[in-house]
Amino acid sequence: MLSHKVVGIDLEAVTVSAPDGSTQRLPTHTVIWAAGVTASSTARKLAQLTGAEVDRAGRVSVGSDLTLPGHPEVFALGDMVRVHDSDGAPMDLPGVAPVAMQQGRYAAKVVSARLHNRDPGPFHYRDKGNLATIGRASAVADVKGLHLSGFVAWVTWLVVHLWYLIGFQNRLLVLIRWAFSFVTHGRGARLIAGEAAEAGGSSQSRPPRAS
């Protein structure tokens, strides 16, 4: 249902508002909220100064060398950009850390190549797979067609994240924190939940609270 806004959630339903102002109650006991990512406001400022395009997520368009149109001396990368290939077509890159890491290394490569009058070529993203932790000692992994889950995937996630940290001291400190949190069953996230509905009433009009 597009162009509808959620205006109320209770224990038995979700209430949505249509563009014409009418409301509709959708019975459900399960509500999943997913939010998109909006680029930094710096992206729009760069677009205004350089005349570059900005997409719906607020990302500024950059060329295949990660520079702003007409400004080869300015690099932009990470979640705030939408990269176009050498033919001008947008590249569908995921908004994850490995993309920004590879773009950072590529930008340094471009600077070095310019100093030596070499052509570094366009940016290409190498997808090394996906890792996600989904619970205590449980994760999922998809690495080059290899699908893992459970404890093995969780150990893989742990090793990969430690490997990409800079410096032995940082790796050791993070490992100690994770170990302490694992042993003490520390909470790794905070939830936003509504107040419990009172007898005979509803939590629909109550604002959410942090718990």
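K144 is found in the loop between β9 and β10, where strands (E, at least two residues) and helices (H or I, at least four) are DSSP runs numbered from the N terminus. Although K144 is not a glycine, its phi is positive, at about 50°. The residue counts as exposed because its relative accessibility is 66%, the classes being buried for under 20% relative accessible area, exposed for over 50%, and partly exposed in between, with a 1.4 Å probe and protein chains only. The model is a predicted one, in which local features need pLDDT of at least 70 and side-chain atom pairs count only at pLDDT 80 or more, whereas totals for chains, interfaces and linings use all residues. Residues are numbered from 1 along each chain as its sequence is written, and side-chain values use heavy atoms, with hydrogens and water left out.

The two strands that flank this loop belong to an open sheet of three strands, in the order β8-β9-β10, with antiparallel pairing; two strands are taken to pair if DSSP finds at least two bridges between them. β8 (130-135) and β10 (146-150) each have a single partner strand and stand at the edges, so one side of each is left without a neighbour in the sheet. From one strand to the next, the twist averages 10°. Strand β9 (residues 138-143) is joined to β10 by five bridges and runs antiparallel to that strand, and H147 in β10 is the bridge partner of D142. Helix α3 (residues 151-163) packs on the sheet and touches β8, β9 and β10, and its direction makes about 105° with that of β10. Such angles run from 0 to 180 degrees between N-to-C directions, the axes being lines fitted to C-alpha atoms, for helices over the stretch in contact, and contact means heavy atoms within 4.5 Å.

On the other side of β9, the pairing with β8 is likewise antiparallel and extends over five bridges, with A132 standing opposite V140 in β9. The hairpin of β8 and β9 has two residues between the strands, and in this hairpin A137 takes a positive phi near 55°. A positive phi, near 55°, is also found at N117, a residue other than glycine, which lies in the loop between α2 (97-115) and β8. N117 is exposed, with a relative accessible area of 75%.

The elements α2, β8 and α3 also take part in a pocket. The second largest pocket holds about 540 Å³ of space. Of the 19 residues that line this pocket, P98, G129, L131, V160 and Y164 are the closest to its centre. The elements that give two or more residues to the lining are α2, β8 and α3, and the largest share, five residues, comes from α2. The lining divides into 11 nonpolar, four polar and four charged residues, with Ala, Val, Leu, Ile, Met, Phe, Trp, Tyr, Cys and Pro counted as nonpolar, Asp, Glu, Lys and Arg as charged, and the others, Gly among them, as polar. A pocket is here an open set of points on a 1 Å grid over the protein atoms alone where a 1.4 Å probe fits, with protein on both sides within 12 Å along at least five of seven lines, and lining residues have an atom within 4 Å of a point. Grid points are joined across faces, edges and corners, and a volume is the space filled by probe spheres set on the points.

Towards the N terminus, strand β2 (residues 13-17) is mostly covered, five of its five residues being buried. A13, T15 and S17 point one way from β2, V14 and V16 point the other way, and all are buried. In a regular strand the side chains alternate between the two faces of the sheet. S17 counts as buried because its relative accessibility is 17%; not counting residues up to four places away in sequence, S17 touches S3, H4, K5, V7, S22 and T23.

Strand β1 (residues 5-9) runs antiparallel to β2 and is joined to it by four bridges, and the two form a hairpin with three residues between them. β2 also pairs in the antiparallel sense with strand β3 (residues 23-27), over five bridges. T15 in β2 has G8 standing opposite, and T15 also stands opposite R25 in β3. In the hairpin of β2 and β3, which has five residues between the strands, G21 takes a positive phi near 95°.

The protein chain as a whole has four helices and 12 strands, and 23% of its 211 residues count as buried. Among contacts between residues at least 6 apart in sequence, 23% join residues at least 24 apart.
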